[in-house]
Every structure is written in C-alpha cells, then in structure tokens.
Amino acid sequence: MTKRLDIVFLGLSLSSSWGNGHATTFRALIRGLKAAGHRVLFLERDVPWYANQRDLADPDFCELAYYSNVGEMIDAYAHRIRRADAVIIGSYVPEGVSVIDAVADLQPRRLCFYDIDTPVTLAKLERADEEYLALRQIPLFDTYFSFSGGKVLTRLEQRFGARKAEALYCSVDADRYRNTGETFRWDLGYLGTHSADRQPTLERLLIEPARRLPHFRFVVAGPQYPEDIDWPANVQRIEHLPPSEHAGFYSRQRFTLNVTRADMIAAGWSPSVRLFEAAACGTPIVSDFWRGLDEVLPHGEALIVARQPEDVVKALTEIGEDARRSLAEAAKARVLKDHTGLARARQLAAALEDLPERSARTEPMIQSLSA
C-alpha cells in the first residue's frame with residue numbers, strides 16, 4: 001500500500017444480513033480494508049425491514065451512518081464524498097438511480113460501482129428495467145467492479161459502455177469463519193434466502209435426496225420460504241441464521257450444498273460468498289455447476305458437482321472420511337490464499353490507486369441494447 005485511502009461506500013446494507021447477501025460481502029471486504037490501514041464510511045438507507053433485523057448496528061471496523069432520503073444524505077455527507085479518495089456505490093441501493101446522479105454531481109475524486117448482483121443487473125438492463133442503475137449511468141463510473149468475472153467483464157465494456165470493468169468477487173472473513181469443532185448434526189445443509197429460481201435445484205439436490213435417505217439428516221436455513229413446501233421429516237428448517245452463527249452451522253455439517261441463482265449460472269464466473277464461507281470452515285461442498293467454477297474450486301479436487309439427486313446420494317453414502325477431509329482441505333487452502341476479506345481489500349485498494357483522479361472526460365460510445 002502506497003497510501004491510506006479514505007473510501008465512502010453507499011450500499012444496500014451493512015447493518016443487517018436479513019434476507020440479503022450484501023451485508024456479509026461488505027463486512028468481509030471492509031474489515032479487510034480496516035486491517036490494511038484504510039478508512040471507510042458506509043452510508044446505508046434507513047429502512048424498516050433492515051432496521052428491525054440489525055445484527056451489526058455499530059461496527060468497530062468502519063463508520064456506519066444512516067440516511068432517510070437522498071437529499072438528506074447529500075446535505076449531510078457532500079463534504080465527505082468530495083474529499084474521499086474514492087466513492088463506491090453498490091447495487092440494489094434504494095433509489096439507486098437518484099443516488100448515483102446526486103453523487104456524480106458532486107464530482108468525487110474517483111467514482112466506482114460495486115455490482116454484487118451483476119448477472120441480475122444486466123438481465124434487468126436488457127429488459128429496460130432500471131430499478132437501481134440506469135444504462136446511461138454506467139459510463140459515469142471510473143471502474144465498474146463486478147461480482148462476476150470472465151466474459152461478463154468484456155460484455156460490460158463492449159455492450160454496456162463501462163469505462164473499465166474489473167472482477168471483485170465476494171470474500172470471507174477468515175477470522176470469523178473457521179471450524180468450531182462441534183459434533184456433526186446434519187449430513188447435508190443449505191444456507192440461503194428462498195428464491196423461485198433456486199427452489200427447483202434445492203428440490204432436486206436436497207429435498208429429493210432427503211426423501212431417498214430417510215435415516216440421514218438435512219437442514220435448510222434462511223427466510224421467506226413458502227408455507228406450502230413439502231419438507232420431508234428429516235429436513236430441519238431454520239428461519240434465519242445471523243452471521244455470528246454461520247461458522248457453527250457449517251461446522252456441524254458433513255457436507256454443505258451450494259445453489260446458484262439462474263442469472264448467475266447463465267453469466268458464469270459468479271462464486272457465492274457461501275462457497276467461501278463453507279470452505280473456510282472446512283466443510284466439503286456439493287454444488288450445482290456454472291462456467292468458471294473450476295477456476296475457483298476444481299471439481300473432484302476441492303468440491304463435488306451435482307446435477308441430479310443421484311449425485312448427492314452418492315456423495316453422502318460413498319465418499320469416505322479421508323476423501324471428505326481431502327475435499328475440505330483443498331477448498332480451504334484455495335480460499336484462505338485468494339478469497340479472504342484482506343486479499344480482496346488489497347485487490348480493491350490496488351485498483352483504486354491505479355485510477356487517476358477525475359478530470360474532464362469524453363463519454364464513451366454506448367452500443368444500443370437493441371443492436
């Protein structure tokens with residue numbers, strides 16, 4: 001690091017992990033930035049559904065402030081935004097289009113976007129859905145940091161007009177995600193908020209194997225699952241699991257299941273934070289498949305790819321303890337080397353330091369979505 005950076009984030013949530021994966025992603029990254037010597041202010045919209053479910057209201061690794069509307073935020077923090085070394089606006093920020101315009105008008109030294117939902121964002125833009133980001137705004141950012149890598153970055157630059165697109169995968173806080181040594185309670189578990197596009201995979205790779213293995217134990221943790229799901233008797237449900245309990249949850253599983261959103265499967269190169277959390281805890285992973293997965297955790301070496309219920313049943317009944325531990329250790333080694341919050345923070349800081357401060361620019365040509 002050549003200098004201590006002063007960074008302002010405007011994100012969906014840092015204070016509450018309820019029903020979203022943004023909070024844990026931001027927490028690991030910003031803890032890493034703190035450890036690397038940087039200063040962070042996180043601005044969060046004060047909304048009741050997160051205010052009532054806060055599990056980190058007063059972080060010790062950054063300054064966290066809430067705002068009620070865009071005008072109030074600009075009035076209170078314009079000076080911080082202007083003097084910061086970089087301002088990074090996240091995806092799914094309430095009134096995101098207005099937030100981006102208001103912050104851009106302040107001409108911060110460096111303005112970036114961190115898309116923790118890149119495949120979803122691009123699918124929305126293809127439908128002319130500009131819920132939290134307008135197509136015209138993409139060229140405003142000096143760098144478009146993307147949750148997805150690979151060919152998605154080329155698409156962002158060539159089709160959507162990004163000046164520079166760079167992968168910034170999620171990461172794990174290695175100090176908080178480690179094996180707790182607790183006794184196994186479940187043979188296979190899953191942690192994730194319900195979504196309609198993930199549910200068929202969960203049915204295929206956990207619920208059906210549970211029916212076929214009635215003497216094995218399964219668990220699904222996460223909110224918003226419909227009441228009409230026919231859960232087998234050997235599947236335990238946990239409505240919400242705060243991050244403070246994630247490590248213990250993973251440590252009590254012989255295997256854990258990773259299920260990917262449809263848009264992220266289509267895009268590829270979009271590892272979930274759950275992959276990194278489970279690996280850091282030394283829990284072997286069974287995952288659906290998407291392009292780029294082998295570049296993160298190779299199949300057969302660091303995880304098991306499952307496409308059908310039979311693949312899960314085979315993993316649970318035929319993989320011996322030595323092989324199970326070998327899978328876990330290979331994944332853990334890769335994640336602790338390349339995918340911790342500190343590693344990601346260093347990557348972000350280096351990218352920001354490489355950016356010159358803003359000056360007069362010529363707007364790049366945006367290719368029409370209808371082309």
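## Sheets, pockets and a cavity in a predicted model

Strands β8 and β11 pair in the parallel sense, with four bridges between them. One residue pair locates this contact: Y190 has L257 of β11 as its bridge partner. The coordinates come from a predicted model.

**Overall form**

The protein contains 14 helices and 13 strands. Its radius of gyration is 21 Å, close to the 21 Å from the globule rule for 371 residues, so the protein is as compact as a globular protein of that length. The C-alpha trace spans about 65 × 50 × 40 Å along the principal axes.

**The six-stranded sheet**

The pair β8 and β11 belongs to an open sheet of six strands, ordered β10-β9-β8-β11-β12-β13, in which the pairing is parallel. At its edges are β10 (235-238) and β13 (304-305), each of which pairs on one side only. Helix α7, residues 199-212, lies across β8, β9 (218-221), β10 and β11. The helix α7 runs at about 140° to β9.

**The seven-stranded sheet**

A further open sheet has seven strands in the order β3-β2-β1-β4-β5-β6-β7, and its pairing is parallel. Its edge strands, pairing on one side only, are β3 (63-67) and β7 (165-167). From one strand to the next, the twist averages 25°. Within this sheet, β1 (residues 6-11) and β2 (residues 39-45) are joined in the parallel sense over six bridges. I7 has V40 in β2 as its bridge partner. Helix α3 (residues 70-83) packs on the sheet and touches β1, β2, β3 and β4 (86-90). The direction of α3 makes about 160° with that of β2.

**Pockets and cavity**

The table gives the volumes and the make-up of the linings.

| Space | Volume | Nonpolar lining residues | Polar lining residues | Charged lining residues |
|---|---|---|---|---|
| Largest pocket | about 980 Å³ | 21 nonpolar | 19 polar | five charged |
| Second largest pocket | about 250 Å³ | eight nonpolar | three polar | six charged |
| Largest cavity | about 40 Å³ | four nonpolar | four polar | one charged |

The largest pocket holds about 980 Å³ of space. It is lined by 45 residues, and G19, N20, G21, R198 and R261 are the closest to its centre. Several elements each supply at least two residues of this lining: α1 (22-35), β8 (186-191), α8 (246-251), β11 (253-258) and α10 (273-280). The paired strands β8 and β11 are thus both among the contributors to the largest pocket. Helix α10 gives the largest share of the lining, four residues.

Which residues lie nearest the centre of the second largest pocket? They are R27, R31, R176, P243 and S244, out of 17 lining residues. Two or more residues of this lining come from each of α1 and α10. The largest share, four residues, is that of α1. Helices α1 and α10 also each supply at least two residues to the lining of the largest pocket.

How many cavities of 30 Å³ or more does a search of the whole structure find? The search finds one. The largest cavity has a volume of about 40 Å³. Its lining consists of Y190, T193, H194, S195, R198, Q199, L202, Y225 and V259. Two of these names recur elsewhere. Y190, which lines the largest cavity, is the bridge partner of L257 in β11. R198, also in the cavity lining, is one of the residues closest to the centre of the largest pocket.

How values were computed:
Residues numbered from 1 in each chain as written. Predicted model: local features only at pLDDT ≥ 70, side-chain atom pairs only at ≥ 80, totals over all residues. Heavy atoms only, no water. 1 Å grid on protein atoms, 1.4 Å probe; cavity = no way out; pocket = protein on both sides within 12 Å on 5 of 7 lines; lining within 4 Å. Points joined across faces, edges and corners; volume = space filled by probe spheres on them. Nonpolar A, V, L, I, M, F, W, Y, C, P; charged D, E, K, R; others polar. Pairing = 2+ DSSP bridges. Axes fitted to C-alpha atoms, helices over the stretch in contact; angles between N-to-C directions. Contact = heavy atoms within 4.5 Å. Rg over C-alpha atoms; globule rule 2.2 N^0.38 Å.
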